[in-house]
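Trainee: I am new to this structure and would like to go through it with you. Could we look at it together?

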Amino acid sequence: METALQVIKIKNQADLDNAFAIRKKVFVEEQNCPPELEWENEDVSTHFVAELNGVPCGACRWRKTDAGYKLERFAVLKEFRGKRIGQALVAAALADLPDSARYIYLNAQLDAMRLYSRFGFVAEGDQFEEAGIQHFKMVKKA
């Protein structure tokens, strides 16, 4: 069966609710992140939701910061992992950044670093903890 994967730039509340539900399930329920840390900067972020055969299954966002452009909150529901949804989300977020975006970075959970490195991101600095989970800052070099 042909599977249809699409990443949608969110423009309505229904899609945003789907993205938030995915993030809640992955970060708050599965990874035990404090909910109050999960919901910040929503109004200044550009959000995306991934759908596989019409079923919302992944989410991410980007926002402009004082440092540059930060990719954040990549989440794929457990039952959909390993289907290249994370790759599609990273590609969509990067493609949406303005041409003027020079410094692009993210904070990667350790098990996601390989995914980001495929897109030219390189780890910088020391490992650190965010919301109880180990991360590395990664910066896009290529």
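Trainee: Is C60 buried or exposed?

Mentor: C60 is buried, with a relative accessible area of 2%. Please keep in mind that this is a predicted model.

Trainee: How far is the sulfur of C60 from the closest cysteine sulfur?

Mentor: The closest cysteine sulfur belongs to C57, and it lies 11 Å from that of C60, which is too far for a bond.

Trainee: What about C33, buried or exposed?

Mentor: C33 is buried, at a relative accessible area of 9%. Its sulfur has the one in C60 as the closest cysteine sulfur, 16 Å away, and that is again too far for a bond.

Trainee: How many disulfides does the structure hold, then?

Mentor: The structure holds zero disulfides. A disulfide is a covalent bond between the sulfur atoms of two cysteines.

Trainee: Which residues does R73 touch?

Mentor: Leaving aside residues up to four places away in sequence, R73 touches R23, F27, L37, E38, E40, A59, C60 and R61. You will recognise C60 among them.

Trainee: Where does R73 lie, and is it buried or exposed?

Mentor: R73 lies in strand β4. With 14% relative accessibility, R73 counts as buried.

Trainee: What is the strand order in the sheet?

Mentor: The sheet is open and has seven strands, in the order β1-β2-β3-β4-β5-β7-β6, with mixed pairing.

Trainee: Which strands stand at the edges?

Mentor: Those are β1 (5-9) and β6 (121-130). Each has a single partner strand, so one side of each is left without a neighbour in the sheet. On average, neighbouring strands of this sheet are turned by 25 degrees against each other, direction ignored.

Trainee: In what sense do β2 and β3 pair?

Mentor: Strand β2 (residues 45-52) and strand β3 (residues 55-64) pair in the antiparallel sense, over eight bridges. Within that pairing, A50 stands opposite G58 in β3.

Trainee: Which strands does helix α1 touch?

Mentor: Helix α1 (residues 13-30) packs on the sheet and touches β1, β2, β3, β4 (69-76) and β5 (104-109). The direction of α1 makes about 80 degrees with that of β2.

Trainee: And what does helix α3 lie across?

Mentor: Helix α3 (residues 85-96) lies across β1, β2, β3, β4, β5, β6 and β7 (133-140). It runs at about 155 degrees to β4.

Trainee: Changing topic, how many aromatic pairs are there?

Mentor: A search of the whole structure finds four aromatic pairs. F74, Y116 and F121 form one aromatic cluster.

Trainee: Which charged end sits over the ring of F121?

Mentor: That is the charged end of K140, 5.9 Å from the centre of the ring. In addition, the charged end of K137 sits over the ring of Y105, at 5.2 Å from its centre.

Trainee: One last topic, the backbone. What is phi in N32?

Mentor: N32 has a positive phi of about 60 degrees, although it is not a glycine. N32 lies in the loop between α1 and α2 (35-38), and it is exposed, with a relative accessible area of 60%.

Trainee: And what is phi of A131?

Mentor: Phi of A131 is near 55 degrees, a positive value in a residue other than glycine. A131 is placed in the loop between β6 and β7, and at 28% relative accessibility it counts as partly exposed.

Technical notes:
Residues numbered from 1 in each chain as written. Predicted model: local features only at pLDDT ≥ 70, side-chain atom pairs only at ≥ 80, totals over all residues. Heavy atoms only, no water. Disulfide = S-S within 2.5 Å. Buried < 20%, exposed > 50% of the residue type's maximum accessible area, 1.4 Å probe, protein only. Phe/Tyr/Trp six-rings, centres within 6.5 Å; stacked < 30°, edge-to-face > 60°. Lys NZ or Arg CZ within 6 Å of the ring centre and 35° of its normal. Pairing = 2+ DSSP bridges. Helix = DSSP H or I, 4+ residues; strand = E, 2+ residues; numbered from the N terminus. Axes fitted to C-alpha atoms, helices over the stretch in contact; angles between N-to-C directions. Contact = heavy atoms within 4.5 Å.
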